[in-house]
Amino acid sequence: MTSADHLRKGWCPGAHRPMRSGDGLLVRVRPRAGALSLSSLRAIGAIAAQFGSGDIDLTNRGNLQIRGVSDGAFAVLLGALDTAGLLDPSADAEAVRNVVVDPLSGLDPRRADICDLAAALETVLLRDARLWSLPGKFGFSFSGVATPRIGGRSADIMMSARDDCFSIVLDGAIGMGCEVARGEVVDAMHRLALAFIELKANDASFRRMRDAVAQFGVARVFAMAGLPLPTPLGEAAADSVPVGLLQRNDSVFGAGVGFPFGRITADQLAALCDHATVAGAEDVRTSPERVLVFPLQDAMHAHELLRGANAAGLIVQEDDIRLAMDVCPGSPGCKNARANTRRDAQRFADTFEGSLHGCSLHISGCEKGCARRTEARLTLVGRDGRYDIIRDGSADSMRVHDTINADDMSTTISRLILEPVV
């Protein structure tokens, strides 16, 4: 990395390669196979307080971002991350390690334990330098249930598990999958990634797997990887958000704590770690729904952790309206944003009466849509303090339904939720 690389704008950030934002450098820390030790989580909070603004984001890929790092503090921060065992060996190795893991895998008795498969793929990603040419946002995911999306989010190459059956699924063809044995999962995903690289070499416009699927068809991509032809997959119900007391029947297996709009302060995180320590937690899982899952088997300790999290201002109820909202940092934290999204989102959450009725709501400060790349039932895009409303689309859609002031957000969203989609 050259001396100026970490100052580049528009970067998909990491720790070695942070991104310039409105509040300083944004440093992203990627958990390994979707998990962190509690001591590592505590270290991230302490580093954010010492070298950043104290604000920490949990992203829709389950990564943690330290915000507000000054140029002068960056090198020292890297050393602190390295000392804490949170730094990858190189920028290229870090960039390719985009792996999302089902946070309930191996905890919920109805889910397959696939954490070892995710860890094995991360080892392959670090060792095979050919994979380092994958686009920065190209990602993999491992689901312990039949639905391949984790938290409603898709990845370029996904694995889903049903009993002893393991299916490999590509973004752009969610309803089709190739079944492989457990011992073949990592190799299959590896070969599919190499097939994408080969296809991309012939068409530089390909940025994601869905581009290759759209151009050549899902069967062609699987065939290039030497895998069987994909077959239709059965429909699987979407998961609920893993917040609150997590249990199956009478068996408790964890406690889930959500970050309001994906944000926590270093002080809040320190308090949460203290409560988790008292509860006996030793590690934590990250969820793309901006939730931390603490594995616990004792209901009393889990409830104590949740009470402490609630007192710290965090989300502990599954029906909290903020869990249905994807909200970017907005202004002034992001120079691209043209609205104070977090302020407006919190004001909406405080004043909105009723339920979103399963409606997904995305509030974005600009057309980039960093908080959610997929379509939402309602997407609000900032325009000089106002919002364009897009129905059943993403932030970069041109299908603007209406433009409103932030003061009209509650009334307008209430009406649109109840209106039939035409």
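# Pocket, fold and a few residues

Q: What is the volume of the second largest pocket in this predicted model?
A: The second largest pocket has a volume of about 930 Å³.

Q: What makes a residue part of the lining of this pocket?
A: A lining residue has an atom within 4 Å of a grid point of the pocket. By that rule, 43 residues line the second largest pocket, with Gly151, Gly152, Ala238, Asp239 and Glu289 lying nearest its centre. Two strands, β10 (173-180) and β17 (325-327), each contribute at least two residues to this lining.

Q: How is the lining of the second largest pocket divided by class?
A: There are 17 nonpolar, 12 polar and 14 charged residues in that lining.

Q: Let's step back to the whole chain: how many helices and strands does it have?
A: The protein chain has 11 helices and 21 strands.

Q: What makes the protein chain as compact as a globular protein of its length?
A: Set the two values side by side. The radius of gyration is 21 Å, and the globule rule gives 22 Å for 422 residues; the two are close, so the chain is as compact as a globular protein of that length. Along the principal axes, the C-alpha atoms fill a box of roughly 55 × 55 × 50 Å. Of the 422 residues, 56% count as buried. Among contacts with a separation of 6 or more, 62% come from residues 24 or more positions apart.

Q: Why is serine 160 called buried?
A: Its relative accessibility is 3%, and buried means under 20%, so serine 160 counts as buried. This serine belongs to strand β8 (residues 157-162).

Q: Which residues does serine 160 contact, leaving aside its neighbours within four places in sequence?
A: They are Ser143, Val145, Ala146, Thr147, Pro148, Cys165, Phe166 and Ser167. Thr147 is 13 residues away in sequence, with a C-alpha to C-alpha distance of 6.2 Å from serine 160. As for Ala146, its backbone oxygen lies 3.3 Å from a polar atom of the serine 160 side chain.

Q: How do you know that arginine 322 is buried?
A: Compare its relative accessible area of 16% with the cut-off of under 20%; the value falls below it, so arginine 322 is buried. Arginine 322 sits in the loop between α9 (299-311) and β17.

Q: What makes the pairing of arginine 322 with aspartate 320 a polar contact?
A: The distance between the two side chains is 2.8 Å, and a polar contact needs N or O atoms within 3.5 Å. Leaving aside neighbours within four places in sequence, arginine 322 also touches Pro260, Phe261, Ile315, Gln346 and Ala349.

Q: Alanine 33 and asparagine 249: buried or exposed?
A: Alanine 33 has 13% relative accessibility and therefore counts as buried. Asparagine 249 has a relative accessible area of 64%; exposed means over 50%, so asparagine 249 is exposed.

Q: What is phi for these two residues?
A: Phi of alanine 33 is near 55°, a positive value in a residue other than glycine; this alanine is in the loop between β2 (24-29) and β3 (35-37). For asparagine 249, phi is near 60°, again positive in a non-glycine residue, and its loop runs between β12 (244-248) and β13 (251-258).

Q: What kind of peptide bond joins serine 331 and proline 332?
A: The bond is cis, with omega about 5°. Proline 332 is in the loop between β17 and α10 (341-351).

Note on methods:
Residues are numbered from 1 along each chain as its sequence is written. This is a predicted model: local features need pLDDT of at least 70, side-chain atom pairs count only at pLDDT 80 or more; totals for chains, interfaces and linings use all residues. Side-chain values use heavy atoms; hydrogens and water are left out. Helices (H or I, at least four residues) and strands (E, at least two) are DSSP runs, numbered from the N terminus. Buried means under 20% relative accessible area, exposed over 50%, partly exposed in between (1.4 Å probe, protein chains only). Contact means heavy atoms within 4.5 Å. A polar contact is a pair of N or O atoms within 3.5 Å; within protein, one must be able to donate a hydrogen and the other to accept it, and residues adjacent in sequence count only if both atoms are side-chain atoms. On a 1 Å grid over the protein atoms alone, a cavity is a set of points where a 1.4 Å probe fits but cannot get out, and a pocket is an open set with protein on both sides within 12 Å along at least five of seven lines; lining residues have an atom within 4 Å of a point. Grid points are joined across faces, edges and corners, and a volume is the space filled by probe spheres set on the points. Ala, Val, Leu, Ile, Met, Phe, Trp, Tyr, Cys and Pro count as nonpolar, Asp, Glu, Lys and Arg as charged, and the others, Gly among them, as polar. The radius of gyration is taken over C-alpha atoms; the globule rule is 2.2 Å times the number of residues to the power 0.38.
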